[in-house]
Amino acid sequence: MDRESRVTELVCQSKEAEEAAGVETGYEELIQEGHKVIDNVPVPGDGELIIKEEHTCDNKERLRRHRKADKLEHALNQSILEQARNEKCRQDGDVSERKRRRNSASKSEATDMREDRPYSQVNGMSTISRGSDEYTTEELKMVLGSNYTVSPAIKQEIYDLNCSFPNLDQSYRIFNKIGEGTFSTVYLGQKVGDSLSNEKPRDTSLVALKRIYVTSSPQRIYNELNLLYSLRGSQNVAPLLDVLRFEDQVIAVLPFYQHSDFRDFYRDLPLYGIKTYMHELLLALNFIHERGVIHRDIKPTNFLYNPFTRRGVLVDFGLAETQSECISSKCPCYTRSEFKNVYRQLEVENNSQFPKNGYLKDDQRPGRRANRAGTRGFRAPEVLLKCNNQTKSIDIWSAGVMLLTLLSRRFPFFNSTDDVDALMEITAIFGVEEMKKCAAIHGLGFECNYPRFKDRIKLETLVANAVLMDCKEGDTFADDSPAWELLCAVDKRGTVSESSLGQEYRDAFEVLNECMVLDPLDRPSASELLTYPFFSDVV
C-alpha cells in the first residue's frame with residue numbers, strides 16, 4: 001500500500017469514528033493536510049522509516065521498522081482526530097475569545113504560523129493541534145528565551161518520552177529539557193488539560209515536568225511526592241500540581257519558575273542582593289522545618305532565585321525526610337540532647353593499644369552506617385562523621401556554605417572529592433582541636449598530622465583573602481563589581497571597619513558564623529536567623 005492510500009484509509013477510519021460521535025467536517029481537506037503531517041512526523045533519522053519494504057532483511061530489522069511505522073500511524077491518526085474536533089468546536093462557536101481572535105486571521109497567515117512553530121518536530125503528536133490557552137510562536141520566543149532553541153538530541157529524547165508515555169501529549173506539551181540529575185530529568189512544558197490539583201502555575205501555564213527514573217526506590221518516590229503534596233502554601237516552596245503514572249514511570253508536575261543560573265550572578269550580587277537571597281532561602285527553610293521536614297540537599301541548584309524579582313523557590317525534595325525518621329539513639333550525641341553546652345569527651349581506657357600511625361591490623365570495632373545524603377561541598381560535619389542523629393541543623397550548615405560562597409565570590413568554595421578530603425577542608429578552617437571536640441560529640445576520635453591545621457582561621461579573614469587573591473590574579477572583577485566594597489570594609493586580617501558599610505558586613509558575618517558552627521545543637525534555627533539585624537531592612 002503506497003503512502004497516499006495509507007493516509008486515505010486512516011482518514012476514512014477516523015471519519016467513521018467521528019460521524020458516530022456527531023462530528024461533521026471536510027475530510028477531503030484533512031486528507032491533504034494529512035499528507036503534510038506525515039511528511040513532518042519526527043522519526044529517528046531521515047530516510048530510516050520505510051513503510052513499504054523494498055529490500056529483504058532479517059526478522060529483527062523488520063520488527064524495528066514495523067514499530068516505527070506503528071508510531072507514525074498513531075501520530076497521524078491523533079492529529080487528524082484533533083483537527084476534526086477543533087473544526088467541530090469552531091462550527092459550534094464553543095471557543096474562547098482569544099482563539100476566536102486568532103481564527104479571524106486569513107488562512108494563509110494561519111498556515112504560516114503553523115509551519116513556523118518550532119516544536120512541530122519535537123513532540124510529534126502533542127504539537128500538531130493547539131488548545132485555546134497555548135502560546136503563539138512569538139509568545140513562546142518571549143517566554144522561553146534561551147529554552148526556545150532545542151538540540152536534535154533533546155528533540156529525539158522528547159519524542160521517545162511521548163511515545164513511551166501514552167496520553168502524555170494530551171495533557172502537556174513539552175518544549176525542552178531544562179535539567180538532569182542523578183534520580184530524575186526535568187522538562188519544560190505547557191499544561192493543555194486541567195490539573196488534578198487546585199494549585200495553579202504562577203504567572204503562566206508553563207510547568208516543569210520531573211520524570212523520576214525507574215531505578216529509584218518506590219518508597220523514595222512515594223516519600224518525595226507525599227512531602228511535596230504536604231508542603232503547600234508557601235511562595236518559597238514549589239507545590240505539587242499533578243502526578244502522572246504509566247506502569248513504572250512517574251512524572252511529577254511542578255510550576256515553572258523564571259530564574260537565573262547561580263553561576264551567572266553570584267560574583268556580581270551586591271550585599272543587599274545577598275541579603276535578599278539568604279532571606280528567601282531561610283523563609284523556605286523555616287516553612288519546611290516548622291512542618292518537621294529536613295531537605296538534606298540544600299545547594300544553589302535546588303534554590304531557584306531570580307535576581308530581578310528578588311524571589312527564590314526551594315525545589316527537589318528527592319532526598320528529604322521528616323526529622324522523626326532521622327532521630328536515632330545509636331550516636332552518642334543523642335544522649336547529650338538535654339545538655340547543650342556540655343561536650344561529650346571520648347574516653348579511651350588503654351590508648352596504647354591504638355597505633356599512632358595507620359590502622360589496627362584486626363580492628364574489631366563495628367563500622368558506622370548513616371544517611372549520607374547531600375552534595376559534596378555542602379555536607380555538614382555530622383553527615384561526614386556518619387552521625388545517625390541528623391537534624392534540621394544540616395540544612396542550616398548548607399545555607400551557611402551558600403552564604404560563604406556569595407561573600408567570597410567563589411563557587412564551589414569546597415571542592416572535595418570524598419568525605420575525608422571534605423573533613424580536611426573543614427579542619428583547615430576550624431583547626432585540629434575544634435575538630436577533635438566535634439568528633440568527640442559523636443563518639444569518635446580525630447587525628448591529623450598536618451601542622452598547618454592547628455589554628456583556627458576566622459571566616460572574616462578567609463573571605464577577605466579569597467576576594468583579595470582573585471583581585472591579584474588579574475581582571476577577575478569588573479570595575480563596578482561589589483567585591484571591591486568588601487575589601488573596603490574588611491582587611492586581610494579579618495578586621496571589619498567601623499563605617500556604615502563595615503557594620504552591614506559585620507551583620508552578614510554574624511549570620512555566617514552562626515550557621516557554620518561545628519556542634520549542630522549550637523546552630524540557630526531558620527526562624528531565629530530571620531530575626532538577626534542582617535535581615536532587618538529586607539522588604
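This note goes through a predicted model of one protein point by point, from its overall make-up to a few single residues.

1. Overall make-up. The protein has 539 residues, of which 48% count as buried, and its secondary structure comes to 20 helices and nine strands. When contacts between residues at least 6 apart in sequence are considered, 67% of them join residues at least 24 apart. The accessible surface comes to about 28500 Å², and carbon and sulfur atoms account for 48% of that surface.

2. The aromatic pairs. In this model the count of aromatic pairs comes to 16. One of them joins Phe-262 and Tyr-266, whose rings are stacked, with 5.4 Å from centre to centre and 10° between the planes. Both residues of this pair, Phe-262 and Tyr-266, are buried.

3. A second partner for Phe-262. The ring of Phe-262 also pairs with that of Phe-411, and here the centres are 5.1 Å apart while the planes stand at 70°, so this pair is edge-to-face, because planes over 60 degrees apart are put in that class. Phe-262 belongs to helix H10 (residues 262-265), whereas Phe-411 belongs to the loop between helix H14 (393-408) and helix H15 (419-430), so the pair ties together parts that lie 149 residues apart in sequence.

4. How covered the two rings' residues are. Phe-262 has a relative accessibility of 6% and therefore counts as buried, since the limit for that word is under 20%. Phe-411, at 28% relative accessibility, counts as partly exposed. A wider view of the ring pairs shows that they link Phe-262, Phe-265, Tyr-266, Tyr-277, Phe-303, Tyr-305 and Phe-411 into a cluster.

5. Charges over rings. Two arginines deserve a look in the viewer. The charged end of Arg-220 sits over the ring of Phe-183, at 4.0 Å from the ring centre, and the charged end of Arg-232 sits over the ring of Tyr-229, at 3.9 Å from the centre of that ring.

6. An annotated lysine. Which residue does the UniProt annotation "binding site" cover? According to the record, which is an unreviewed entry, the annotation covers Lys-210, and a student should keep in mind that such annotations may be inferred rather than shown by experiment. In the model Lys-210 lies in strand E3 (residues 206-212), and at 7% relative accessibility Lys-210 counts as buried.

7. The surroundings of Lys-210. Leaving out residues up to four places away in sequence, Lys-210 touches Ser-184, Thr-185, Val-186, Glu-224, Val-250, Ile-251, Ala-252 and Asp-316. With Glu-224, one of these residues, the side chain of Lys-210 makes a polar contact of 2.4 Å.

8. Asp-419. This residue lies in helix H15, and with a relative accessibility of 15% Asp-419 counts as buried. Apart from neighbours within four places in sequence, Asp-419 is in contact with Arg-372, Arg-379 and Leu-384.

9. Glu-434. Is Glu-434, which lies in helix H16 (residues 432-441), buried or partly exposed? Its relative accessible area is 27%, so Glu-434 is partly exposed. Glu-434 and Phe-446 stand 12 residues apart in sequence, and the distance between them in space, from C-alpha to C-alpha, is 10.0 Å.

Terms used:
Residues numbered from 1 in each chain as written. Predicted model: local features only at pLDDT ≥ 70, side-chain atom pairs only at ≥ 80, totals over all residues. Heavy atoms only, no water. Phe/Tyr/Trp six-rings, centres within 6.5 Å; stacked < 30°, edge-to-face > 60°. Buried < 20%, exposed > 50% of the residue type's maximum accessible area, 1.4 Å probe, protein only. Helix = DSSP H or I, 4+ residues; strand = E, 2+ residues; numbered from the N terminus. Lys NZ or Arg CZ within 6 Å of the ring centre and 35° of its normal. Contact = heavy atoms within 4.5 Å. Polar contact = N/O pair within 3.5 Å; in protein donor to acceptor, adjacent residues only side chain to side chain. Areas by Shrake-Rupley, 256 points an atom, 1.4 Å probe, with all protein chains shown as cover.
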